[in-house]
Amino acid sequence: MISKVGQIMLYVNNQDEALNFWTEKVGFSVISEENNGQGMRWIEIAPTKDAETSIILHNKEFVAKMSPGLNLGTPSLMFFSENFDQLRSDLLNKNIKVGETVALPSGRVFNFADHEENYFAVMEKK
């Protein structure tokens, strides 16, 4: 049986720009970084070093060559935040494209875009 989501594969055009966005602007930490010397670079990031789920930044072009036909579209990621308003304010102050806050029955939500115009959502969790 599956017990949890361990890693999410995020396929990006530029791993260095993606790494900078997620660490410098969003505040994630690098968990590990590996390079097999043959073009396969693996960068694992997460909101905290002890997070249960992490994101792997993969080079989209390399993966497309290795696995033709693989869907390399951006997954819909929903992040949770206990400091919802502060996070939204911080992202805006870092010149990140941030959407309006929307009230849903399950809680408040906003979205933001990375440097490649991929959109992600944040939901308030108290």
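**Sheets and pockets in a predicted model**

Four strands form an open sheet in the order β5-β8-β7-β6, and their pairing is mixed. The edges of this sheet are held by β5 and β6 (102-104). Each of these two has a single partner strand, so one side of each is left without a neighbour in the sheet. On average, neighbouring strands here are turned by 35° against each other, direction ignored. The structure is a predicted model.

Within this sheet, strand β7 (residues 107-113) pairs with strand β8 (residues 119-124). The two run in the antiparallel sense and share 5 bridges. One position shows the pairing: F110 has V122 in β8 as its bridge partner. Helix α3 packs on the sheet and touches β5, β7 and β8. The direction of α3 makes about 20° with that of β7.

Strand β4 (residues 54-59) pairs with two strands, β1 and β3. Strand β1 (residues 7-12) runs parallel to β4, and 6 bridges join them. In this pair, I8 stands opposite I55 of β4. Strand β3 (residues 41-46) runs antiparallel to β4, with 3 bridges between them. Here E44 stands opposite I56 of β4. Burial was also computed for β4. Of its 6 residues, 5 are buried, so the strand is largely enclosed by the rest of the structure. Buried here means under 20% relative accessible area.

Pockets were examined next. The largest pocket holds about 320 Å³ of space. It is lined by 13 residues, and those closest to its centre are F28, P47, F80, S81 and L87. Strand β5 (78-81) and helix α3 (84-93) each supply at least two residues of this lining. The biggest contribution comes from β5, with 3 residues. By class, the lining has 9 nonpolar, 3 polar and 1 charged residues.

The second largest pocket has a volume of about 160 Å³. Its lining includes I8, F28, P47 and I55. A51, E52, T53 and S54 also line this pocket, as do L77, M78 and F79. Strands β4 and β5 each give at least two residues to the lining. This lining divides into 8 nonpolar, 2 polar and 1 charged residues.

Some residues recur across these features. F28 and P47 are among the residues closest to the centre of the largest pocket, and both also line the second largest pocket. I8 and I55, which stand opposite each other in the pairing of β1 with β4, both line the second largest pocket. Strand β5, an edge strand of the open sheet, supplies lining residues to the largest pocket and to the second largest pocket.

Technical notes:
Residues numbered from 1 in each chain as written. Predicted model: local features only at pLDDT ≥ 70, side-chain atom pairs only at ≥ 80, totals over all residues. Heavy atoms only, no water. Buried < 20%, exposed > 50% of the residue type's maximum accessible area, 1.4 Å probe, protein only. Pairing = 2+ DSSP bridges. 1 Å grid on protein atoms, 1.4 Å probe; cavity = no way out; pocket = protein on both sides within 12 Å on 5 of 7 lines; lining within 4 Å. Points joined across faces, edges and corners; volume = space filled by probe spheres on them. Nonpolar A, V, L, I, M, F, W, Y, C, P; charged D, E, K, R; others polar. Axes fitted to C-alpha atoms, helices over the stretch in contact; angles between N-to-C directions. Contact = heavy atoms within 4.5 Å.
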